[in-house]
Amino acid sequence: MKEEYPKTDPLVLKELILKKYPSKVAKKRDKAIVVNDPEIPKQIQANVRTIPGIITQRGCTYAGCKGVVLGPTRDIVNITHGPVGCGFYSWLTRRNQTKPEKPDDHNFMTYCFTTDMQDSDIVFGGMDKLRKAIREAYELFHPISIAIFSTCPVGLIGDDVHSIAREMKEELGINVFAFSCEGYRGVSQSAGHHIANNGLLLNVIGRNDTPPAGKWKINLLGEYNIGGDAFEIERLFNKIGITLVATLSGNSTIPSFEHAHTADLNLVMCHRSINYAAEMMEKKFGIPWIKVNFIGAESTAKSLRKIGVYFEDAELQKRIEEVIAEEMPPVKNALKEVYPRTKGKLAMLFVGGSRAHHYQELFKELGMRTIAAGYEFAHRDDYEGRFVLPTIQIDADNRNIEELEIEPDPARYRKRKDDNTLDELNKAGYEVRDYYGMMKDMEKGTLVIDDISHWETEKLIEYCKPDVFCAGIKEKYIVQKMGVPLKQLHSYDYGGPYAGFKGAINFYRDIDSMVNATVWKLLKAPWDVQKVEAHYVLEPITI
Ligand code: CFM
């Protein structure tokens, strides 16, 4: 069936955005705003410093390390060495969920641990305060592990967090390790992911060689249990009979990381935040990785099938098909109900480093079109595909982040599958050790924007009037004041889970109610009088 949709002129819009900037800024932003062509993804500028003065969506390196990667692990005490604000604003509260197995199991995720550095600590050094904080945390909670996270002043004054970690490890007899993840260390939270991945490989993964029972053993990398997503994915694995050795790091524990190297396959969900661990685990232990996406019912089914093919096991494949056949009918029913109301609506997604891509699948299922999307801090490979990796230029900011030299671990390395089989699977579209990126999945003529600024966001909305805009809490109220509902995709507002089959149903319903609520059109912000009318000037396209 051919349907016609309105379409903006992306080039006119781009010009409109750039002409407001001083010429130097316009030149730089020009490279980060690309009109998409899925056949030949164009080069996009990514993972470079935000221009000072521009209002960015980005967070800091500390946030990527402490908040994102290590934060969702419930039985580790994560201490923020720094001013209290850094700890307070990275307090996870309700965003990441976790489920201790027994009522008295450790769960420190609801706590916020910080050294609360004061002026005198900045002047005289904060190492003694850090030592005391670690001892105090140990006495109060007796955790099996403590991690220290450096904030900006720690790097500026030179507190040696790693020596303190070694000293405390010795003194307390538990695993204590530290991260040099000062906020300024990279251009965004992306640097913090890399630092966290390195730390996990060096200090945690591989410490326990006892494998869990099970025939098909996997790790799920890059799933952080936002709004309970991991629970839905775990439900599916359990139902099929797949053993989840460890998740990095949604609903996780330190002991699960310690034997993660006993799994036979790594599934990579968020490529941006965890590809380093996937690659290092393959080099060190011989575990290959494949890209998956459990956002969207169709992509969930596809990802499960990828696991079945990888294990080359008819019993597993049969089980996967049975589960898909059981799970799909309620999804289709829910979709049938909302589709007539969501079909043809327009979405924009500007989120993090993988969700702006993953969630397009759910919108596709709803018959909605993504007319503009971008990441806050992803790299070119997340946009254009990993084949561009050899051409990415290393700059001073990248060089600042340690690249670990990984060798096969002589006692633990076991090659799970030969390279030919893996190459064949990759060629057949299984994304083995590969990620094709977001641009290939987006329509021709859509806009792809890296590290979108506040100004650019406003222009996009004025010009295209999307039916829903997906971003985070910082953008939410500004967008809504412009009369467009904003769906948070970092925390899901009060909704979710959105992963897997049940999650898809939740998403369909939430989006249906958002894009069809008339209340947004009644909003009149003070600046509304000066508003440019939305106009669709390009040829309608047929799909
Ligand atoms: Fe990966 Fe994430 Fe994301 Fe991310 Fe994030 Fe996040 Fe995100 Mo917020 S690891 S890149 S650094 S999927 S915290 S759980 S939602 S920006 S798109």
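**Aromatic rings and salt bridges**

Colleague: Are Phe-363 and Phe-507 buried or exposed?
Modeller: The model is predicted. Buried means under 20% relative accessible area. Both Phe-363 and Phe-507 are buried.

Colleague: Which aromatic cluster holds Phe-363 and Phe-507?
Modeller: Rings pair if their centres lie within 6.5 Å. Phe-363 and Phe-507 belong to one cluster of such rings. Its members are Tyr-359, Phe-363, Tyr-492, Tyr-498 and Phe-507.

Colleague: How many aromatic pairs are there, and what geometry do Phe-177 and Phe-179 show?
Modeller: The count comes to 19 aromatic pairs. For Phe-177 and Phe-179, the ring centres are 5.7 Å apart and the planes meet at 75°. Planes over 60 degrees apart count as edge-to-face. The Phe-177 and Phe-179 pair is therefore edge-to-face.

Colleague: How do the rings of Phe-363 and Phe-507 meet, and how many residues separate them?
Modeller: Phe-363 and Phe-507 pair edge-to-face, at 5.3 Å centre to centre and 70° between the planes. Phe-363 is in helix H15 (residues 355-365) and Phe-507 is in helix H21 (residues 500-515). The pair links distant parts of the chain, with a separation of 144 residues.

Colleague: Which rings have Lys-99 and Lys-291 over them?
Modeller: Lys-99 lies 4.0 Å from a ring centre, over the face of Phe-231. Lys-291 has its charged end 5.0 Å from a ring centre, over the ring of Tyr-435. The two rings are Phe-231 and Tyr-435.

Colleague: How many salt bridges does the whole structure hold, and how many residues apart are Lys-215 and Glu-315?
Modeller: The search finds 42 salt bridges. One of them joins the side chains of Lys-215 and Glu-315, at 2.6 Å from N to O. Lys-215 is in the loop between helix H9 (189-203) and strand E7 (217-223), and Glu-315 is in helix H14 (residues 314-342). This pair links distant parts of the chain, at a separation of 100 residues.

Colleague: Why are Arg-235 and Glu-232 about one helical turn apart, and which of them is buried?
Modeller: Arg-235 and Glu-232 form a salt bridge, with the closest N and O atoms 2.8 Å apart. They are three residues apart in helix H10 (residues 229-240), which means about one helical turn between them. Arg-235 has a relative accessible area of 23%, so it is partly exposed. At 5%, the buried one is Glu-232.

Colleague: Which residue of helix H14 does Lys-239 of helix H10 pair with?
Modeller: Lys-239 makes a salt bridge with closest N and O atoms 2.5 Å apart. The two residues are 88 residues apart, in distant parts of the chain. Lys-239 is partly exposed, because its relative accessibility is 26%. Its partner is buried at 7%: Glu-327.

Colleague: Which residues share one salt-bridge network with Lys-239 and Glu-327?
Modeller: Salt bridges that share partners join up into one network here. Besides Lys-239 and Glu-327, the network takes in Glu-232, Arg-235 and Glu-326.

Colleague: Which residues make up the nonpolar patch with Tyr-89, and is Tyr-89 buried or exposed?
Modeller: The patch is on the surface and is formed by Phe-88, Tyr-89 and Trp-91. Together they have about 390 Å² of accessible area. Tyr-89 sits in helix H4 (residues 84-89). Its relative accessibility is 72%, so Tyr-89 counts as exposed.

Technical notes. Residues are numbered from 1 along each chain as its sequence is written. This is a predicted model: local features need pLDDT of at least 70, side-chain atom pairs count only at pLDDT 80 or more; totals for chains, interfaces and linings use all residues. Side-chain values use heavy atoms; hydrogens and water are left out. Patches are made of residues with over 30% relative accessible area and no salt bridge: like charges are joined within 9 Å, nonpolar side chains (Val, Leu, Ile, Met, Phe, Trp, Tyr) within 5 Å. Accessible areas come from the Shrake-Rupley method with a 1.4 Å probe; for residues, only the protein chains shown count as cover. A salt bridge is a side-chain nitrogen of Lys or Arg within 4 Å of a carboxyl oxygen of Asp or Glu. Helices (H or I, at least four residues) and strands (E, at least two) are DSSP runs, numbered from the N terminus. Buried means under 20% relative accessible area, exposed over 50%, partly exposed in between (1.4 Å probe, protein chains only). Rings of Phe, Tyr and Trp (its six-membered ring) pair if their centres lie within 6.5 Å; planes under 30 degrees apart count as stacked, over 60 as edge-to-face and the rest as tilted. A charge sits over a ring if NZ of Lys or CZ of Arg is within 6 Å of the ring centre and within 35 degrees of the ring normal.
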